[in-house]
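Work through these exercises with the model open. Try each task before you read its solution.

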Amino acid sequence: MATQAKRRRVAGPVGGGDAAPDPVAGFLSWCRQVGLELSPKVSVSRQGTVAGYGMVARESVQPGELLFAVPRAALLSQHTCSIGGLLERERGALQSQSGWVPLLLALLHELQAPASPWSPYFALWPELGRLEHPMFCEYYSIVLPFMEAHPDLFSPRVRSLELYRQLVALVMAYRIFIGTKNKTLRGISSVPSLNYIHGEALPKRDLIFLGLASEGPGPSFSLPPQNCLRMVATQLIPKGHEIFNTYGQMANWQLIHMYGFAEPYPDNTDDTADIQMVTVREAALQGTKVEAERLLLYERWDFLCKLEMVGEEGAFVIGREEVLTEEELTTTLKVLCMPAEEFREFKDQDGWGDNKREEDSLTITNIPKLKASWRQLLRDSVLLTLQTYATDLKSEQDLLSNEVYTRLSWREQQALQVRYGQKMILHQLLELTS
């Protein structure tokens, strides 16, 4: 999502002499060939940018003005690459937590293709260093086995972890954490088209998750009916300012998994903590005394599964100011806590009907007003969740305020920030349910 920069930095060209090919000129020529529309009010350059190539406003850009538009045919994705059919047929073997594996394989294949349509795009890559990112663990477990299973499509040259690191950096659109408290500057979009690879054939909700749709103060992206990906400014971008890209509303665990960094507490107001659904079931089972009660509890759980309110791998998501899975958690607490006779009637009606009461609404502010049995079950679930962490909140508070924190590795610091933010939310729930 594009926003104005809050600071300016002048930097000269990096590397290369006068005789070296100009990758920006080649890229812009390619843009014209594929029909990519770039506003005359912006430029792609290394000058005046924080890191690498970036987009800088030549003139002031008003809210609603087009920054660029990319035809659908120019988007690079697992669907548009030359092995798109193979990736689709074998998508079951390529599933991963991040969801990026098919796209990375598409990039690996296009990178080695002698006449890839995206060659001028690849020419913009800088020298990339080692990155700390959870996505790398997928290389040996999923990506490399797939490439080795198809040696005719992936040469030994592209089967390297170092190249995979560079591709991860590309997929992340050259985004880096620059240590600012301003959330609009969390990510930097160097080369504007680098974000296009995310946009092909994704539903609206996924575009928002990836920072590619209008959500909050960011830009507005769309594909139909224009049949192209358009990016427009949603606030004033002054002349000379770099145009930045952010990630939308994402918790720290999402940021660390998708982009490799986390925001220190309390900067990320969109942070969340998960309570596994099966943890709530386990907490409810703790309150059963005889086998008949346990069997009834499992019957209630099975019914919640039928209503698609819970699942064995699902989680209730709690934010700092709201319960993001309000309906699911409300329904679960009510069903697991209601008297047996009431449950029988509820089950016969196959659901709520239209008699959901306002006082049943599960918001953060309403939690202290919930029935005592609901609060107790929620509290027990929080306590079980906190037991899954190796350290307690006080230990991490002490570590954050101690000089030992500065001696932790970058990865350890980021992981600590993720855990600490989650525990703060969970401890808030403890206070609200006491």
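**Exercise 1: Gly287 and the helices beside it**

Gly287 sits in the loop between α9 (277–286) and α10. The model is predicted: local features need pLDDT of at least 70, side-chain atom pairs count only at pLDDT 80 or more, and totals for chains, interfaces and linings use all residues. Residues are numbered from 1 along each chain as its sequence is written, and side-chain values use heavy atoms, with hydrogens and water left out.

Task: Decide whether Gly287 is buried or exposed. Then describe how α9 and α10 pack.

Solution.
- Step 1. Take the accessibility. Gly287 has a relative accessible area of 54% and is therefore exposed. Buried means under 20% relative accessible area, exposed over 50%, and partly exposed in between (1.4 Å probe, protein chains only).
- Step 2. Look across the sequence. Leu377 is 90 residues from Gly287 in sequence, yet 8.9 Å away in space, C-alpha to C-alpha.
- Step 3. Recall the two descriptors. Packed helices are described by the angle between their axes and the distance between the axes.
- Step 4. Apply them. The angle between α9 and α10 is about 155°, and their axes are 10 Å apart. Axes are lines fitted to C-alpha atoms, for helices over the stretch in contact, and angles run from 0 to 180 degrees between N-to-C directions.
- Step 5. Classify. The angle makes α9 roughly antiparallel to α10. Under 35 degrees counts as roughly parallel, over 145 as roughly antiparallel, 65 to 115 as roughly perpendicular and the rest as oblique.
- Step 6. List the contact (heavy atoms within 4.5 Å). Met277, Val278, Arg281, Ala284 and Leu285 come from α9; Arg294, Leu297, Tyr298 and Trp301 come from α10.
- Step 7. Sort by class. The contact of α9 with α10 has seven nonpolar, no polar and two charged residues. Ala, Val, Leu, Ile, Met, Phe, Trp, Tyr, Cys and Pro count as nonpolar, Asp, Glu, Lys and Arg as charged, and the others, Gly among them, as polar.

**Exercise 2: a second helix pair**

Task: Find how α3 and α5 are oriented to each other, and which residues meet.

Solution.
- Step 1. Locate the helices. Helix α3 spans residues 101–112 and helix α5 spans residues 138–149. Helices (H or I, at least four residues) and strands (E, at least two) are DSSP runs, numbered from the N terminus.
- Step 2. Read the geometry. Their angle is about 50°, with the axes 11 Å apart. α3 and α5 are therefore oblique to each other.
- Step 3. Name the partners. From α3, Val101, Leu105 and Leu108 meet Glu138, Ile142, Val143, Phe146 and Met147 in α5.
- Step 4. Count by class. The contact of α3 with α5 divides into seven nonpolar, no polar and one charged.

**Exercise 3: Glu396 and Glu308**

Task: Is Glu396 buried or exposed? Is Glu308 buried or exposed?

Solution.
- Step 1. Place Glu396. It belongs to helix α14 (residues 393–400).
- Step 2. Check its accessibility. At 2% relative accessibility, Glu396 counts as buried.
- Step 3. Find its partners. Leaving aside neighbours within four places in sequence, Glu396 is in contact with Thr391, Leu416, Arg419, Tyr420 and Lys423.
- Step 4. Turn to Glu308. This residue lies in the loop between α10 (291–306) and β10 (315–319). Glu308 is exposed, with a relative accessible area of 69%.
- Step 5. Check the backbone. Phi of Glu308 is near 60°, a positive value in a residue other than glycine.
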